Amino acid sequence: GGGKKFRVLVTEARPFGLGVKTHRVLEEAGIESMIILDSAVAYAMSKVDYVMVGSEAVGIDGGLVNFIGSYQIAICAKLHGKTLYALTESFKFTRLFPLSQYDLPVHKAPLTFSTTTLPSKPSKSNLSSTPNSPIPRRTLNTSSFPEPLLMTSDQVDNNPLLDYTTPDLVGLVISDVGCLTSEGVADLLLSIFGGE
């Protein structure tokens, strides 16, 4: 057919390996995807056209609370001139207003929400594409790879589960109520909650 051909790069999303699950779902849907190491995001960023992340919550400022790693992906995307899109459901819009990473719970389960239906508010997104840059390659003739090691559960527990991506790093929030800028999220939530 005349459909577009594309490939998705999925981060492994440690410590839970959520990217492995995402990869499996994409492959089952017939979408070509490849898992990359979380530490390879900067290396791979020049090869992508845009970045998409999920979100556990969207703050009133349009910032994102998500599993650890989204903030560094967003910083890297901005540095490489790539637009970051957040995919989320409107029931995850919250009046949460973190001022920094340290305003989030670090060792707790993700935020939970009651389901509320928000009015639909259509919007349009403008996706742009930039050409890929060639990546230099070299052969490893005399080197050997180190033996992979896994972190212990205590080591994993010493790390935060969530991070906060500031609204200036988010291009659009794409949800069931439309495509919103960070300011659009704030306007929508203020129109719903007003001065509560």
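Contact here means heavy atoms within 4.5 Å. The model is predicted, so that local features need pLDDT of at least 70 and side-chain atom pairs count only at pLDDT 80 or more, while totals for chains, interfaces and linings use all residues. Residues are numbered from 1 along each chain as its sequence is written, and side-chain values use heavy atoms, with hydrogens and water left out.

**Exercise 1.** Determine which residues S182 touches, leaving aside those up to four places away in sequence.

*Solution.* Begin with the location: S182 belongs to helix α5, residues 182–193 (helices are DSSP runs of H or I with at least four residues, strands are runs of E with at least two, and both are numbered from the N terminus). Next, list the contacts, which are D61, G62, P167 and V170. Then examine P167, whose backbone oxygen lies 3.2 Å from a polar atom of the S182 side chain. Finally, S182 has a relative accessible area of 8% and is therefore buried (buried is under 20%, exposed over 50%, partly exposed in between, with a 1.4 Å probe and protein chains only).

**Exercise 2.** Establish what parts of the chain the salt bridge of E32 and K5 ties together.

*Solution.* A salt bridge requires a side-chain nitrogen of Lys or Arg within 4 Å of a carboxyl oxygen of Asp or Glu. The side chains of E32 and K5 meet at 3.4 Å, N to O. Since E32 lies in the loop between α1 (18–28) and β2 (33–36), and K5 in the segment before β1 (8–11), the pair ties together parts 27 residues apart in sequence. As for accessibility, E32 is partly exposed at 37%, whereas K5 is exposed at 72%.

Methods: A polar contact is a pair of N or O atoms within 3.5 Å; within protein, one must be able to donate a hydrogen and the other to accept it, and residues adjacent in sequence count only if both atoms are side-chain atoms.
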